[in-house]
Amino acid sequence: MIISTGDLKENYSIIDTIFAIDSHKDGFFSGADPNKAFEGLKSQLAKKCQSLGGDAVINCQFEYRDALADGLTKKKHAIEIFGYGTAVKLN
């Protein structure tokens, strides 16, 4: 599945705009990992696109924020990543 911040050179039909959010928080022995949150976000976009019959998500935009999440004994640092793009079907 193509997840791109740009356009495609191939012909396609637009299906719909899709949105997803993911996060990753501090673990016992590791900090919040933005790469894990980003991979989770891309996976969600791909699944949503596929469920609509699409082949790619183009013109994606991404944003993130630092957040605090509840932990067992204290607040934990978390990275939240938001993304949206256009689901398309290749012709």
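Hi everyone, let's start on the outside: Phe19, Ile21 and Tyr84 make a nonpolar surface patch of about 280 Å². A patch here is built from residues with over 30% relative accessible area and no salt bridge, joining like charges within 9 Å, or nonpolar side chains (Val, Leu, Ile, Met, Phe, Trp, Tyr) within 5 Å. A salt bridge means a side-chain nitrogen of Lys or Arg within 4 Å of a carboxyl oxygen of Asp or Glu. Areas come from the Shrake-Rupley method with a 1.4 Å probe, and for residues only the protein chains shown count as cover.

Before going on, please note that this is a predicted model, where local features need pLDDT of at least 70 and side-chain atom pairs count only at pLDDT 80 or more, while totals for chains, interfaces and linings use all residues. Residues are numbered from 1 along each chain as its sequence is written, and side-chain values use heavy atoms, with hydrogens and water left out.

Back to Tyr84, which sits in strand E4, residues 75-90. Tyr84 is partly exposed, at 40% relative accessible area; buried means under 20%, exposed over 50%, and partly exposed in between (1.4 Å probe, protein chains only).

Now the overall layout. The protein chain has one helix and four strands, in the order β-β-α-β-β along the sequence. Helices (H or I, at least four residues) and strands (E, at least two) are DSSP runs, numbered from the N terminus.

What about the inside? Of the 91 residues, 31% count as buried. The largest nonpolar core has 12 residues, among them Ile18, Leu41, Cys49, Cys60 and Ile81. Strand E2 (12-25), helix H1 (34-51), strand E3 (56-70) and E4 each give two or more residues to this core, and H1 gives the most, with four. By a core I mean buried Ala, Val, Leu, Ile, Met, Phe, Trp, Tyr and Cys residues joined through side-chain atoms within 4.5 Å.

Take Leu41: leaving aside neighbours within four places in sequence, its contacts (heavy atoms within 4.5 Å) include Ala20, Phe62 and Ile81.

Finally, how many disulfides does the structure hold? Zero, where a disulfide is a pair of cysteine sulfur atoms within 2.5 Å. Why is Cys49 not bonded to Cys60? Because the sulfur of Cys49 is 9.1 Å from the one in Cys60, its closest cysteine sulfur, and that is too far for a bond. Both cysteines are tucked away: Cys49 is buried at 0% relative accessible area, and Cys60 is buried at 2%.
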